[in-house]
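This report addresses helix packing, a nonpolar core and a surface patch. Please consult the sequence and the structure alongside the text.

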Amino acid sequence: MLKLNDLLMENARLVGAPRISSPGKTGSSDFSNVMYQLPGSCIRVAMVPAGTSSHSIEFLNAGKTDEAHEAVMVAAKVLAGTGLDLIEDEAKLAAIQEEFHQNQAVHN
């Protein structure tokens with residue numbers, strides 16, 4: 001869902017999310033199964049030092065910091081801004097839905 005990713009990244013820039021980078025592939029997830037039924041995307045907000053392993057004590061400890069709390073607040077702002085954009089701009093929502101339907105047609 002490139003259009004939805006673009007909108008999320010635009011909102012991330014607007015709220016000053018730290019260490020913004022383009023979307024990449026993530027690990028396996030039940031969420032990918034849901035995305036066969038409806039448009040979806042994922043955004044990750046930096047809260048740990050770059051290079052920290054996801055399944056480590058360092059990652060766990062970073063989740064208890066003020067930076068982690070701030071990351072949750074930033075993520076909430078990104079999601080709220082994106083939701084507002086989709087409510088206020090029917091063309092953006094329609095474009096995301098159209099892209100989803102085109103992708104479904106290719107994969108079915």
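The report below begins with conventions and proceeds from helix to core to surface.

The model is predicted: local features need pLDDT of at least 70, side-chain atom pairs count only at pLDDT 80 or more, and totals for chains, interfaces and linings use all residues. Residues are numbered from 1 along each chain as its sequence is written, and side-chain values use heavy atoms, without hydrogens or water.

Helices are DSSP runs (H or I, at least four residues), numbered from the N terminus.

| Helix | Residues |
|---|---|
| α1 | 2-14 |
| α2 | 30-34 |
| α4 | 66-88 |
| α5 | 90-107 |

The end C-alpha atoms of α1 are 18 Å apart, in agreement with the 18 Å expected for its 13 residues at 1.5 Å a residue; the expected span is 1.5 Å times one less than the number of residues. Among the buried residues (under 20% relative accessible area, 1.4 Å probe, protein chains only) of α1 are Leu4, Leu8, Asn11 and Ala12. The buried residues of α1 pack against α4 and α5. Just after α1, Gly16 has a positive phi of about 75°.

The largest nonpolar core (buried Ala, Val, Leu, Ile, Met, Phe, Trp, Tyr and Cys residues joined through side-chain atoms within 4.5 Å) has 15 residues; Leu4, Met47, Val74, Val78, Leu86 and Ile96 touch the most other members. Helix α4 gives the most to this core, with five residues. Val78 is in contact (heavy atoms within 4.5 Å) with Leu8, Asn11, Ala12, Val15 and Ile43, leaving aside residues up to four places away in sequence.

Phe31, in α2, is partly exposed (from 20% to 50%), with a relative accessible area of 33%.

Key. Helix = DSSP H or I, 4+ residues; strand = E, 2+ residues; numbered from the N terminus.
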